[in-house]
Structures are given as structure tokens and as C-alpha cells.
Amino acid sequence: MKDTSKAYSIQRAVLLSTFAVSLLWVIQSAGVLFNLPLQWLGVRPFDVAGVWKILTAPLVHGSYEHLFNNTSPLIILGSALLYGYPRTRWWALGFAWLVSGSGIFLFGRDSVHLGASGVSHGLFFYLFVVSILRRDARSVGLMMIAFFMYGGMVMTIFPREPGISYEAHFFGAVGGTIAALIFWRNDPKPKVKKYAWEEQEGDDPVIGDLWKQDPSTRQDEDYTNPH
């Protein structure tokens, strides 16, 4: 049987998520230090020549503040995804990434859209929807942590502030939801611990199968006829 202990290592999940977000900070810092035009890598709706920027837009941010706001959700939600869903984590990430960018490209406002908030919304909605479908202890636990910390993402998929790309949030959520509906059965469920009293099989040693008998026909085995 394949060992899945490493697949479910929370330490490895946190380290990988932190490393990935650290790369975003390196990219942002390089852009500031070397005056690189990082916004050029963002998605602009209906820019056919730049459709490939769907892949690069989540890697760049408009400012350090923008990246800072995305750092905590990416690490925590990313760690939950990597830890809880070893078989579907990359599918969920891919759907959140690509559907978010594609939705911006097809339906976004005429502006340059960039940043990883669409991806983080996709991860949140994946964790939320898949827990409803699976209903095992691990999925529900991860969803409760995600919802306690970032439940406000349910509202940020709608227009709120002019400078925020709610389109990225909305279509990221759509991507995460689609991934959950497709892949929710693919990950193994955690083993349910059984206690000694649950593992006892058979009838009660005292009562036996008396409970199965009809009271109207059951006779007392100790009864003797005095005549």
C-alpha cells in the first residue's frame, strides 16, 4: 500500500506555500529595485496578443501593500489545500488560476488586472464547497479554519471598490467551485477511529437474541408445570 503520510504532512504544506509566496515577494522586490514594468504582465480584457498573460498576472502585484494583503490568505489557504487534498490540490490551483484569468479576459473591465487575489478566492471556495460535498472530519475542519479567517471572501466576489478587481475574485471563486464539483471524490477520506465498545460484534452475552422474539409467543425457559 502506498504511504500517504508525506502527502498529508502539514509541515511540508506550510513550507511549500511559504516558499511560493516568498517568490512573489522576490518578483515584487525585483520590480521595485530595478524599475521593471511588472504591470505589463497583467491581463487586459480582449487583448488577444496578450492572452498568455493569464498565466503571469497572479505573479505580479501593483504595490507592496497589494502583495501584503494577499500573503496571509495564500499561505494559509494554500497550506490547507496542500495538506488536505493530495490528489486534487494542483487541479484546484490550476482551475482557480486559469478560470480567474480567463474570466477577466472575457468579461473584465477595461483595465490591467493583476495580483493573486483571484487564486486565493479560488482556493477558499474550493475548500468551502468540497467540505460540503465530502463531509469528513478533515475537510470540515479545514473549511472551518478557512471560513473563520477569510469568510469575508464570500462578499468580495461582488463589486465594492473601484480599484479592486472583483472580476478576479468572482471568477476565481467560480474556478474553485468547478474544481470542487469535479474532483471532490478523488481524495481519500481519513480513517475513522473506532473504540473498543464500537468494535464489539454479536448479540449481548446476557440478553442474547431474546430481543428478536415476539413477546406474545416467548415462554420462560425456567417455567415448570406444577401438575
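Which helix gives the most to the nonpolar patch? The legends below take up this question along with other views of the chain, which is shown here as a predicted model.

**View 1. The whole protein chain is built from helices, with seven of them and zero strands.** Followed from the N terminus on, the elements run α-α-α-α-α-α-α. The chain has 227 residues, of which 39% count as buried. When contacts between residues at least 6 apart in sequence are considered, 80% of these contacts join residues that are at least 24 apart. The surface that the protein chain exposes comes to about 14,500 Å², and 64% of this area is supplied by carbon and sulfur atoms.

**View 2. Leu16, Phe19, Leu23 and Trp90 make a nonpolar patch on the surface.** The area of this patch is about 440 Å². Helix α1, which covers residues 10-33, answers the opening question, since this helix gives the most to the patch, with three residues.

**View 3. Leu23, one of the residues that make the nonpolar patch, is seen here within helix α1.** Is Leu23 buried, partly exposed or exposed? Its relative accessible area is 42%, a value that lies between the limits of 20% and 50%, and Leu23 is therefore described as partly exposed.

**View 4. Thr71 has its place in helix α2, the helix that covers residues 64-84.** The relative accessible area of Thr71 is 15%, and because buried means under 20%, this residue counts as buried. Which backbone oxygen does the side chain of Thr71 reach? The backbone oxygen belongs to Leu67, and the side chain of Thr71 reaches it at 2.8 Å. If residues up to four places away in sequence are not counted, Thr71 touches Val21 and Trp25. The numbering places both Val21 and Trp25 within residues 10-33, the range of helix α1.

**View 5. Leu82 is a further residue of helix α2, shown here together with Leu93.** With a relative accessible area of 9%, Leu82 falls under the 20% limit and is therefore buried. How far apart are the C-alpha atoms of Leu82 and Leu93? These two residues are eleven residues apart along the chain, and a distance of 9.7 Å separates their C-alpha atoms.

Methods. Residues are numbered from 1 along each chain as its sequence is written. This is a predicted model: local features need pLDDT of at least 70, side-chain atom pairs count only at pLDDT 80 or more; totals for chains, interfaces and linings use all residues. Side-chain values use heavy atoms; hydrogens and water are left out. Helices (H or I, at least four residues) and strands (E, at least two) are DSSP runs, numbered from the N terminus. Buried means under 20% relative accessible area, exposed over 50%, partly exposed in between (1.4 Å probe, protein chains only). Contact means heavy atoms within 4.5 Å. Accessible areas come from the Shrake-Rupley method with a 1.4 Å probe; for residues, only the protein chains shown count as cover. Patches are made of residues with over 30% relative accessible area and no salt bridge: like charges are joined within 9 Å, nonpolar side chains (Val, Leu, Ile, Met, Phe, Trp, Tyr) within 5 Å. A salt bridge is a side-chain nitrogen of Lys or Arg within 4 Å of a carboxyl oxygen of Asp or Glu. A polar contact is a pair of N or O atoms within 3.5 Å; within protein, one must be able to donate a hydrogen and the other to accept it, and residues adjacent in sequence count only if both atoms are side-chain atoms.
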